[in-house]
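Please look over the following chain together with its coordinates. The report below treats strand pairing, salt bridges and surface charge.

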Amino acid sequence: DFEQAVLKIDVVDSLPTEAELVGSYAVDLTWIYYQKRHELYRTWTGLTTACDLVRRNLWDWDRSGTQIAGFLKLSVQIVGPADKLYIHDEKEDKKKEKEEESRNNGEMTGMIMMPPMKSE
């Protein structure tokens with residue numbers, strides 16, 4: 001069922017002998033669908049370390065023991081039967097991002113999607 005679907009991305013450091021999980025990011029597909037153009041576009045996401053990830057309900061995750069392991073920039077667009085795929089001018093968007101980053105001393109710019117974290 002689409003309302004319950006979750007996109008989970010695992011980033012793996014592929015070593016010659018074994019693959020090691022760097023971190024993960026999970027988001028509900030319905031949340032993405034209700035964003036502008038049904039997408040996350042060139043959005044930084046916080047990757048979390050392995051933890052006890054338990055879904056309580058559609059919007060409530062228990063991420064006990066979670067820590068940020070790094071960041072990943074991603075683009076995801078959900079296209080339904082009556083929707084049209086939006087095509088970005090990626091070359092122009094990258095140019096604007098580089099200009100923003102240079103004004104920001106090379107730091108990340110734009111929205112950073114962080115997973116919910118438990119405060120202790």
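What follows is a short account of these three topics.

This is a predicted model, in which local features need pLDDT of at least 70 and side-chain atom pairs count only at pLDDT 80 or more, whereas totals for chains, interfaces and linings use all residues. Residues are numbered from 1 along each chain as its sequence is written, and side-chain values use heavy atoms, with hydrogens and water left out.

**Strand β3**

Helices (H or I, at least four residues) and strands (E, at least two) are DSSP runs, numbered from the N terminus. Strand β3, residues 39-48, has 9 of its 10 residues buried, and it is therefore largely enclosed by the rest of the structure; buried means under 20% relative accessible area, exposed over 50%, and partly exposed in between, with a 1.4 Å probe and protein chains only. Two strands are said to pair if DSSP finds at least two bridges between them. β3 pairs with strand β6 (residues 68-77) in the antiparallel sense over 8 bridges, and within this pairing Thr 43 stands opposite Leu 74 of β6. β3 is also joined to strand β7 (residues 112-113) by 2 bridges, the two strands running parallel, and here Thr 45 has Met 113 as its bridge partner.

**Salt bridges**

The structure holds 6 salt bridges, a salt bridge being a side-chain nitrogen of Lys or Arg within 4 Å of a carboxyl oxygen of Asp or Glu. The table includes three of them, with the distance between the closest N and O atoms.

| Pair | Closest N and O atoms |
|---|---|
| Arg 37 and Glu 39 | 3.9 Å |
| Glu 97 and Lys 73 | 2.7 Å |
| Glu 90 and Lys 94 | 3.6 Å |

In the pair of Arg 37 and Glu 39, Arg 37 is partly exposed at a relative accessible area of 35%, while Glu 39 is buried at 9%. Glu 97 forms its salt bridge with Lys 73, and this pair links distant parts of the chain, with Glu 97 in helix α2 and Lys 73 in strand β6, 24 residues apart. Glu 97 is buried, with a relative accessible area of 14%, and Lys 73 is partly exposed, with 25%. Glu 90 and Lys 94 are 4 residues apart in helix α2, so that about one helical turn separates them. Salt bridges that share partners join Arg 42, Lys 73, Glu 90, Lys 94 and Glu 97 into one network.

**Surface charge**

Helix α2, residues 90-103, also contains Glu 99, which is partly exposed, with a relative accessible area of 35%. Together with Asp 89, Glu 92 and Glu 100, Glu 99 forms a patch of negative charge on the surface; such patches are made of residues with over 30% relative accessible area and no salt bridge, like charges being joined within 9 Å.

Note on methods
Patch = residues over 30% accessible without salt bridge, like charges linked within 9 Å, V, L, I, M, F, W, Y side chains within 5 Å. Areas by Shrake-Rupley, 256 points an atom, 1.4 Å probe, with all protein chains shown as cover. Lys, Arg positive; Asp, Glu negative; His and termini not counted. Charge placed at Lys NZ, Arg CZ, Asp CG, Glu CD.
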